[in-house]
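Reader: I should be grateful for a close look at the surroundings of the ligand in this structure. Please then set that part within the chain as a whole.

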Amino acid sequence: LMQTLLKNSNEPPVVFHWFPIIGSTITYGMDPPRFFVENRAKYGDVFTFVLLGRKTTVCLGPAGNDFVLNGKIRDVNAEEIYTVLTTPVFGRDVVYDCPNSKLMEQKKFMKIALTTEAFRQYVPIISDEVTSYFKRTADFKGQLGEVSIPPKMAEITIFTASHALQGKAIRDQFDESLAALYHDLDMGFSPINFTFHWAPLPWNNRRDHAQRTVAKLYMETIKRRRANPELDAQDMMFHLMNSTYKNGVQVPDHEIAHMMIALLMAGQHSSSSTSSWIMLLLASRPDIMEDLYQEQINALGPDLPPLQYEDLAKLPLHGAIVKETLRLHAPIHSIMRAVKQPLHVPGTKFVIPTNHVLMSAPGVSASDPVFFPKPDLWDPHRWLPDSPNAPSLSRAPAGEDEEKIDYGYGLVSKGAASPYLPFGAGRHRCIGEQFANVQLQTIIVEVVRLFKFRNVDSSNKVIGTDYASLFSRPLEPAVIHWERREQA
Ligand code: HEM
């Protein structure tokens with residue numbers, strides 16, 4: 001007993017709860033950011049709560065972000081947590097269904113298709129997809145109207161991402177069967193699947209059928225492309241088809257197919273939710289939408305020529321819109337790791353035992369007044385020079401000369417003690433950040449050229465967040481009022 005008492009005295013404080021298994025599942029699940037902030041006020045930056053029967057220890061603040069996300073491979077493990085959800089959706093032998101060293105190589109292969117040279121080709125593709133979407137979609141016929149924006153942004157995201165990353169042939173199938181299949185795959189990402197991923201529930205059967213069908217389609221495409229190399233474009237599939245693991249083995253076709261699914265799924269939810277937030281926030285602040293229009297005219301000229309990749313760098317407010325939206329509405333609110341050996345939390349007396357799940361929530365520091373004046377205010381201008389609300393990121397890794405490390409997929413910042421990490425950090429850091437920025441900024445440019453948005457009641461209100469799926473997103477319906485800038 002004495003031993004247990006001694007051991008437990010070093011464990012972090014546990015959030016009070018009435019029922020053993022349920023614990024804090026409901027209060028956390030309803031609004032994770034609020035749950036974190038309220039309990040941080042009571043217990044400090046490091047505390048434990050019971051989530052679906054598992055003791056989950058969250059480490060907040062820049063130091064907590066660094067501790068979890070830069071955890072050593074012998075200390076923390078992502079695949080043990082995520083594999084039950086992701087393997088049925090992506091398929092075998094990729095991402096979390098393989099050792100971490102293999103994932104690092106796969107991330108390196110996928111990154112090859114995400115270079116500046118590739119982005120130069122993607123910008124016109126994305127621009128065309130956006131403009132043609134608004135031309136042909138019934139909800140945007142005429143001069144003005146009202147529409148719930150998230151389903152529209154979900155479609156625009158899948159059309160732009162699939163066309164840019166997977167090529168025209170695959171993109172065209174999204175008008176038909178592929179959209180429904182990806183929808184079924186999506187069902188695999190409901191939180192309930194953390195517990196019931198194995199169950200013969202109807203949506204799990206549909207998920208498994210969709211995974212097999214989509215993977216088969218990619219594998220047939222790969223075969224066709226191998227047979228006709230002269231047809232090949234230098235796209236994601238091409239690069240994966242020409243990649244070889246360090247042990248000399250060429251990436252097998254089924255792994256290419258599964259990586260293609262993983263890439264589209266990884267990008268879809270986060271980009272779609274972010275672009276929906278952007279449009280809703282612009283509707284709540286028509287003045288900022290006008291600032292964007294003026295920025296384009298000043299930087300690119302009054303006749304607004306077709307957008308090029310190089311133009312994006314001339315539009316800092318457009319970039320700041322993405323940054324500021326991700327500060328307040330990062331789609332991934334909780335990042336989890338299994339604990340592989342008892343972990344001492346630096347600067348505290350706490351030791352986290354191996355039966356706990358470790359959790360990081362960088363969104364908490366991203367809305368902390370210590371780092372961001374008026375933290376709840378969506379103020380894109382704060383990222384531009386001379387703003388009174390400029391972030392104080394003095395504790396963040398600084399600039400070009402910061403120390404970098406290579407986990408196998410290219411250099412990333414060594415320290416993760418930053419309050420602003422919407423793309424994560426460390427060996428599991430996002431490889432899609434630049435693509436997401438290019439995609440989101442291009443969508444903003446085209447939407448601002450076409451429309452003026454406002455809230456239906458012309459207020460500055462912003463809709464609440466839906467935390468019921470694993471990725472947070474706006475509650476629906478989220479209706480905005482749109483008006484064309486020019487006569488349709
Ligand atoms: C990982 C955020 C877009 C591919 C991550 C992680 C975060 C994140 C927080 C770390 C997860 C963890 O540590 O467990 C975002 C956001 C996006 C975005 C906010 C858009 C606004 C994309 C896109 C792609 C992508 C467009 C693909 C083209 C990936 C991949 C990983 C990742 C492959 C690595 C997973 C791992 O190593 O475990 N992302 N992401 N993401 N993301 Fe993204």
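Author: The account below begins at the ligand and then moves outward to the helices, the sheet and the chain as a whole. The model is a predicted one.

The ligand is surrounded by 23 residues. The closest of them are Gly 267, Ser 270, Gly 424, Cys 430 and Gly 432. Sorted by class, this shell holds 15 nonpolar, seven polar and one charged residues. Three helices each supply at least two residues of the shell: H6 (100–112), H14 (253–284) and H19 (433–450). Of the elements that contribute, H14 gives the most, with six residues.

Two of these helices, H14 and H19, lead on to another element, helix H17. The buried residues of H17 pack against H14 and H19, and also against helix H15 (286–300) and helix H18 (362–366). Helix H17 covers residues 316–329, and its 14 residues should span 20 Å at 1.5 Å a residue. The end C-alpha atoms of H17 are 20 Å apart, which agrees with that expectation. Ten of the 14 residues of H17 are buried, so the helix is largely enclosed by the rest of the structure. The buried positions in H17 are His 318, Ala 320, Ile 321, Val 322, Glu 324, Thr 325, Leu 326, Arg 327, Leu 328 and His 329.

Helix H8 (residues 149–166) can be examined in the same manner. For its 18 residues, 1.5 Å a residue gives an expected span of 26 Å, and the end C-alpha atoms are 25 Å apart, which agrees. Helix H8 is mostly covered, with 16 of its 18 residues buried. Just after H8, Gly 167 takes a positive phi of about 90 degrees.

The strands come next. In general, strands of a sheet pair through backbone hydrogen bonds, in either a parallel or an antiparallel sense. Here, five strands form an open sheet with mixed pairing, in the order S1-S2-S8-S5-S3. Strand S1 (46–51) and strand S3 (76–77) stand at the edges with a single partner strand each, so one side of each is left without a neighbour in the sheet. Within the sheet, strand S5 (residues 335–339) and strand S8 (residues 357–360) pair in the antiparallel sense over four bridges. Arg 337 has Leu 358, in S8, as its bridge partner.

The edge strand S1 contains Phe 49. Phe 49 is buried, with 25 other C-beta atoms within 10 Å; the cut-off for a buried residue is 20 or more. Leaving aside residues up to four places away in sequence, Phe 49 touches Val 15, Gly 23, Ser 24, Tyr 28 and Thr 56. Phe 49 and Ser 284 are 235 residues apart in sequence, and their C-alpha atoms are 36 Å apart in space.

These parts belong to a protein chain with 19 helices and 14 strands. The radius of gyration of the chain is 23 Å, close to the 23 Å that the globule rule gives for 488 residues, so the chain is as compact as a globular protein of that length. Along its principal axes, the C-alpha trace spans about 80 × 60 × 50 Å. Of the 488 residues, 41% count as buried. Among contacts between residues at least 6 apart in sequence, 74% join residues at least 24 apart.

Conventions. Residues are numbered from 1 along each chain as its sequence is written. This is a predicted model: local features need pLDDT of at least 70, side-chain atom pairs count only at pLDDT 80 or more; totals for chains, interfaces and linings use all residues. A residue is near a molecule or strand if its C-beta atom, placed from the backbone, lies within 6 Å of it. Ala, Val, Leu, Ile, Met, Phe, Trp, Tyr, Cys and Pro count as nonpolar, Asp, Glu, Lys and Arg as charged, and the others, Gly among them, as polar. The radius of gyration is taken over C-alpha atoms; the globule rule is 2.2 Å times the number of residues to the power 0.38. A residue is buried if 20 or more other C-beta atoms lie within 10 Å of its own, exposed if 12 or fewer, and partly exposed in between; C-beta atoms are placed from the backbone. Two residues are in contact if their C-beta atoms, placed from the backbone, lie within 7 Å. The expected span of a helix is 1.5 Å times one less than its number of residues. Two strands pair if DSSP finds at least two bridges between them.
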